[in-house]
Amino acid sequence: MLGTGTAAQGRSLYRSGGGRSLWKVVLESTETWGVISSVLSGGASDSATEPVSPESQGAAAAAVFLANSRMSENLERLYGFNCRFCWLPGVLRSGKALVPSEQAIVDGMTDPGREAAEFAALLCTCSDVIEEVDLRDICLVSLASVMDSLQGVIFVGPSGTEMTADGNQAVARAILAGL
Amino acid sequence: MRRSETGAFPRIAATVAALGLIAAVVFSDSIGLGPGPGTARFGIISAILATGLLTYGILGSRFSYLFQAIGQVLAWGMLAVLVLETVFFVIARLDPARSSVSPTRDVAPWSAFRSGIMPEPYTGWDNDPSTAATGVVLDASGCRIVPGASTDPAAYAVFVYGADAVLGPSIDDSATIPCFIQEGLDSLWQGPVRVENRARPGWTSTQALIDLVLSLRSGAKPDLVLFIGGFEDAAAA
């Protein structure tokens, strides 16, 4: 197929969706451009790469989750099934008394550095936004506090989202109770 | 005297040629050269050429000095750009805040579970039976089996979507969330129940929703659909 395109098609390969020319693409890919533009804009080199706070990212993630729950509600009406969107954030947002192995998971997720701490903040914001939603309006079920009264090891795995049989049973019971 | 005579002809010829080119551009409409495709480009090329020829016609033997000077300016300019690029490259690597690559979560939190999945259109990836974790039994459609699930086509069908929490790669088939839902519905529902564990490692609710849409389009008729997750949605933000 190579070589069958016109010159105009060939030139279009060097243009992005925004209609930027090859020269501008090359210019913006240079380190000099990046530094000068970041200095001129006060530290942010480009809106696409501008650092976003974990709180705003968490709010954005919650918005996507809630939008998906509403979309599934529409499918529910269209296809005649029942639907439940269950929020289960894992050990980072659990109110359970953590055992040492669970605490080690939390420490492992929050201690290594700024990146992990930012993710913890992001997840907390996301959880806060979702739990503030009026659950009567949509098919949303918050399971964040289902494990709070459980004893012993519940959360396992490196990300603290997997659970032991006791945790899984508690989640299943909470879901069934809400049907 | 002889030298100036021999040098005069090229200068005069260059000046005449330049004026001719300028005239051709100015009167292009009158002589049938435009307007049309390529006319603008012809004008630009002619203007550049005419400028060069006219400059040579005026400067004569000093034209070579101008040519050298322009070359030197361009060479120094290139050198300056190279030096600036090198310096700013080092600065960008030393200061992550100035790096064009976002420092946050370049590696997905679930990347540790890369074994056990394989590429899949639309949803990104699917369970891979050939590299599934020990003790994880998958059916023909890549779903983890749910012990006790009815095979009756008319059974009450429950689709359970999620990620690692629902898939439960580190626990037995009989201890997953879908398995407990199966047990609970078996005692609550009058009739056969089929719970399907449709969880995939690291799937967000968006991927689950896409899979549900694809299943509905293929004719699946679930009675109950459960999405269980949240961590992965946050991680994907």
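Q: What share of the 179 residues in chain A do buried residues make up?

A: This is a predicted model, and burial is judged by how many other C-beta atoms lie within 10 Å of a residue's own, with 20 or more counting as buried. In chain A, 30% of the 179 residues are buried.

Q: Which elements does chain A have, and in what order do they run from the N terminus?

A: Chain A has seven helices and four strands. Their order from the N terminus is α-α-α-α-β-α-α-β-β-β-α. As for contacts in chain A between residues at least 6 apart in sequence, 65% of them join residues at least 24 apart.

Q: How many residues does each chain give to the contact?

A: Chain A gives 51 residues and chain B gives 46. On the chain B side, the elements that each supply at least two residues include helix H3 (63–94), helix H5 (177–188) and strand S5 (224–230). By class, that side of chain B has 29 nonpolar, eleven polar and six charged residues.

Q: How many bridges join strand S1 of chain A to S5(B)?

A: Seven bridges join S1(A), residues 82–88, to S5(B), and the two strands run parallel. Two pairs can be located in the model: Phe85(A) has Phe227(B) as its bridge partner, and Trp87(A) has Gly229(B).

Q: Which strand of chain B pairs with S5(B)?

A: Strand S3 of chain B, residues 156–162, pairs with S5(B) in the parallel sense over five bridges. Here Val160(B) stands opposite Leu226(B).

Q: Why is S5(B) described as largely enclosed?

A: Seven of the seven residues of S5(B) are buried, so the rest of the structure largely encloses this strand. Both faces are covered: one side holds Leu224(B), Leu226(B), Ile228(B) and Gly230(B), and the other holds Val225(B), Phe227(B) and Gly229(B).

Q: How should a helix such as H7(A) be read, and which of its residues are buried?

A: An α-helix has 3.6 residues a turn, so residues three or four places apart point the same way. H7(A), residues 165–177, has 13 residues and spans 18 Å from its first C-alpha to its last, close to the 18 Å expected. Its buried residues are Gly167(A), Asn168(A), Ala170(A), Val171(A), Ala172(A) and Ile175(A). Their cover includes S1, S2, S3 and S4 of chain A together with H5 and S5 of chain B.

Q: Where is the hairpin in chain B, and how many residues lie between its strands?

A: S1(B) and S2(B) form the hairpin, with three residues between them. These strands, residues 117–120 and 124–127, pair in the antiparallel sense over four bridges. Ile117(B) has Asn127(B) as its bridge partner. In the turn, Tyr122(B) has a positive phi of about 70°.

Terms used:
Residues are numbered from 1 along each chain as its sequence is written. Chains are lettered from A and ligands numbered from 1 in the order in which they are written. This is a predicted model: local features need pLDDT of at least 70, side-chain atom pairs count only at pLDDT 80 or more; totals for chains, interfaces and linings use all residues. A residue is buried if 20 or more other C-beta atoms lie within 10 Å of its own, exposed if 12 or fewer, and partly exposed in between; C-beta atoms are placed from the backbone. Two residues are in contact if their C-beta atoms, placed from the backbone, lie within 7 Å. Ala, Val, Leu, Ile, Met, Phe, Trp, Tyr, Cys and Pro count as nonpolar, Asp, Glu, Lys and Arg as charged, and the others, Gly among them, as polar. Two strands pair if DSSP finds at least two bridges between them. The expected span of a helix is 1.5 Å times one less than its number of residues.
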